[in-house]
Amino acid sequence: MTVKRYDGLAAVPEDLGPTVATVGMFDGVHRGHRVLLDRVAAEAAARGVPAAAVTFDRHPLTVLRPGSELLGEAGMEIVLVLEFTREQSEVTAEAFAAEVLFDRLAARAVVVGENFRFGHKAVGDPVLLAELGRPRGVEVVAVGLHADGDQVVSSTRVRAELAAGDVAAAAASLGRPYAVEGEVVVGDRRGRTLLGVPTANLEVPPGIALPADGVYAGHLTDQADGVARPAAISVGTNPQFGTDRRVEAHVLDFDSDLYGHRVSVDFHHHLRDQATFPGVDELAAQIRADIDQARRLLGAG
């Protein structure tokens with residue numbers, strides 16, 4: 001589905017027409033979000049209007065994955081991105097509902113989670129939103145939280161799973177393996193020259209959540225060709241050499257130049273925690289063992 005993205009209220013065309021709208025951070029677009037977005041899409045289809053999501057360009061906490069592509073995959077045809085500024089945080093619930101949802105997006109219905117809060121000091125909730133929408137004929141639908149067992153699926157939960165290095169649990173919460181995107185940049189070249197294991201060093205935007213420091217098995221996908229290639233991935237500071245925190249991926253059976261390419265790296269299995277070794281030979285031996293284990297887990301021959 002093609003997503004029409006508008007950055008700021010002023011970018012929304014006057015002739016946009018009616019929509020069914022939702023609002024949220026949609027941090028990571030996890031399975032709980034998908035339940036909500038599925039309802040938005042269904043309500044929009046029932047009315048024959050586009051589904052629209054209002055979100056924000058930065059999160060007050062560490063973000064899982066930015067961008068509107070995941071919202072498009074979830075059926076949103078329109079994504080309105082508002083800058084999360086001090087001024088935005090001081091807009092009252094009444095003004096936000098009127099200016100953004102009822103006027104600019106011409107919402108015929110608004111679908112939100114039952115714990116949705118909005119407006120200055122988060123005083124707005126689904127009950128207030130329904131009261132504000134009723135005189136305008138706008139229906140408000142509050143969707144229950146999605147639980148996995150006795151735990152609600154939330155962005156906070158996914159961040160905690162990643163912080164623990166439990167990428168399998170994070171994948172279950174998200175409904176897909178967790179992935180980060182970035183450009184491949186020149187690193188220290190120790191992988192190729194000292195250890196005999198070339199790696200692609202990702203320049204990940206600041207503030208993006210990363211799994212706990214350690215070694216993982218997953219895939220690197222070069223956006224130039226869209227091929228997901230099996231990889232052994234290191235996240236951390238590389239205590240052996242004292243580097244900054246980084247993401248490095250050794251792509252199995254692949255030796256082409258990726259410098260300057262935009263890639264994504266997803267995490268399927270946690271292999272081990274970050275560690276230091278008595279010397280370079282021991283480190284190189286462990287890296288070879290990591291690669292062998294990643295190959296087995298990923299079924300890469």
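Two strands pair if DSSP finds at least two bridges between them. The model described here is predicted. The points below cover an open sheet of 6 strands with parallel pairing, the helix that lies across part of these strands, and strand 13 with its antiparallel partners, strand 10 and strand 12.

**Strand 13 and its partners**
- Strand 13 spans residues 246-251 and is mostly covered, with 5 of its 6 residues buried.
- Strand 12 (residues 228-236) runs antiparallel to strand 13, and 6 bridges join the two.
- Opposite alanine 232 stands histidine 250 of strand 13.
- Strand 10 (residues 200-203) also pairs with strand 13 in the antiparallel sense, over 3 bridges.
- Leucine 202 has valine 247 of strand 13 as its bridge partner.

**The open parallel sheet**
- The strand order in this sheet of 6 strands is 1-4-3-2-5-6.
- Strand 1 (4-7) and strand 6 (139-143) form the edges, each pairing on one side only.
- From one strand to the next, the twist averages 20°.
- Strand 1 pairs with strand 4 (residues 78-82) in the parallel sense, over 4 bridges.
- Valine 79 in strand 4 is the residue that arginine 5 stands opposite.

**The helix across the sheet strands**
- Helix 1 covers residues 31-47 and lies across strand 2 (19-23), strand 3 (51-56), strand 5 (107-113) and strand 6.
- Relative to strand 5, helix 1 runs at about 165°.

Technical notes: Residues are numbered from 1 along each chain as its sequence is written. This is a predicted model: local features need pLDDT of at least 70, side-chain atom pairs count only at pLDDT 80 or more; totals for chains, interfaces and linings use all residues. Side-chain values use heavy atoms; hydrogens and water are left out. Buried means under 20% relative accessible area, exposed over 50%, partly exposed in between (1.4 Å probe, protein chains only). Axes are lines fitted to C-alpha atoms, for helices over the stretch in contact, and angles run from 0 to 180 degrees between N-to-C directions. Contact means heavy atoms within 4.5 Å.
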